[in-house]
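Reader: I am new to this structure and would like a close look at one part of it. Please pick a single place and work outward from there, step by step.

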Amino acid sequence: MQSFKVISLDMFQTLVNIESRRAEVWRPILQQKFSEARALQLGKQLLSRYYAAACEAREAGTFISSREIYYRGFQSVFQESGLDYDCEQAVDNLFAQHRLSEMYADTEAFLQRICRDYQVCIVSDTDDLMLPEFYRNYPILLFTSQTYQSYKNDTHNRMFTEVIAHYGVEPEQIIHIGDSASDILGAARAGIKSCWLNRNGQPWELEVKPDVTAGTLEEAYALLSPENGMISKQQ
């Protein structure tokens, strides 16, 4: 039976739901023209520009902070949509809404369980100022893009390399749980096992596949049980 000693976690859309704050990101920008449909449309445009800029930086072997990426993204979306709003203010509010993201219903119980039995960390492609602070209530270490000037799935793979080095364990003794392709691909490239948290039942279409898939954190926890045969608790 394989022995895992460290559980690594993504933050957004894994532990907390940033989508619950979408309206508050766009309400001050759109004001009387606000609608849920318009906020969803503009949010998709902003996120598309975020991923494009992050991908370009990864491929070039460079690093751009989340603040800078989102600033450029707002500039582009505002210009394209004819919106007159201060980009710095928009980013400040976006960061504030990220910090206010609500935990999923299964998050708290999951964290309480795993923190009793495993070493736990959060690995997030974000600036520190974006993160909700509830993790401080747990014995959880934080690894962010801002700190290491890297992304989960860039050519250096420094995020996961730092996790391995910090804990001093073999890569296969770590499992990373996250919702995005970067979570799975970055972990795989580092030799870390992966659990794809697929809350929305989406198909996985990439060649490199997650080691396991779970629809909720409750399901992920069930996969961590010794009876499952995949992971045994640290002795």
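**From one loop residue to the central sheet**

Author: Leaving aside residues up to four places away in sequence, Asn153 touches Arg58, Ser182, Leu185, Gly186 and Arg189. The model is predicted, and what follows describes that model. Asn153 sits in the loop that joins α6 (145–148) to α7 (158–167). Asn153 counts as buried because its relative accessible area is 18%, and the cut-off for buried is under 20%. By contact, then, Asn153 is linked to Ser182 and Arg189, but the C-alpha atom of Leu40, 113 residues away along the chain, is separated from that of Asn153 by 27 Å.

Ser182, Leu185, Gly186 and Arg189 are among the residues that Asn153 touches, and helix α8, where they belong, spans residues 181–189. This helix is the middle piece of a right-handed β-α-β unit, with β6 and β7 as its two strands.

Strand β6 covers residues 174–178 and is mostly covered, with five of its five residues buried. Ile174, His176 and Gly178 point one way from the strand, while Ile175 and Ile177 point the other way. Both sets are buried. The other strand of the unit, β7, is largely enclosed by the rest of the structure, because four of its five residues are buried.

Next, the pairing of these strands. β6 and β7 (residues 193–197) run parallel and are joined over four bridges. Along this pair, Ile175 stands opposite Lys193, and Ile177 has Cys195 as its bridge partner. β6 also pairs in the parallel sense with β1 (residues 6–9), again over four bridges. There, Ile174 is the bridge partner of Val6. β7 in turn pairs with β8 in the parallel sense, over three bridges. Cys195 has Val212 as its bridge partner in β8, and Leu197 stands opposite Ala214. Cys195 therefore has bridge partners in two strands, Ile177 in β6 and Val212 in β8.

These pairs belong to an open sheet of six strands, in the order β5-β4-β1-β6-β7-β8, with parallel pairing. β5 (140–144) and β8 (212–214) stand at the edges with a single partner strand each, so one side of each has no neighbour in the sheet. From one strand to the next, the twist averages 25°. Helix α5 (residues 107–117) lies across β1, β4 (119–124), β5 and β6. The helix runs at about 150° to β1.

One more buried loop residue can be set beside Asn153. Arg21 is in the loop between β2 (16–17) and α1 (22–30). Apart from residues up to four places away in sequence, Arg21 touches Gln97, Leu100 and Ser101. Arg21 is buried yet has no salt bridge. The nearest side chain of opposite charge is that of Glu102, 4.8 Å away, and this does not count because a salt bridge has to be within 4 Å.

To return to the starting point: Asn153 is a buried residue in the loop between α6 and α7, in contact with Leu185 and Gly186 among others. The helix α8 leads from there to β6 and β7 through the right-handed unit, and both strands are part of the six-stranded sheet.

Conventions:
Residues are numbered from 1 along each chain as its sequence is written. This is a predicted model: local features need pLDDT of at least 70, side-chain atom pairs count only at pLDDT 80 or more; totals for chains, interfaces and linings use all residues. Side-chain values use heavy atoms; hydrogens and water are left out. Buried means under 20% relative accessible area, exposed over 50%, partly exposed in between (1.4 Å probe, protein chains only). A crossover is right-handed if, with the strands pointing away from the viewer, the path from the first strand over the helix to the second runs clockwise. Lys and Arg count as positive and Asp and Glu as negative; His and the chain ends are not counted. Contact means heavy atoms within 4.5 Å. Axes are lines fitted to C-alpha atoms, for helices over the stretch in contact, and angles run from 0 to 180 degrees between N-to-C directions.
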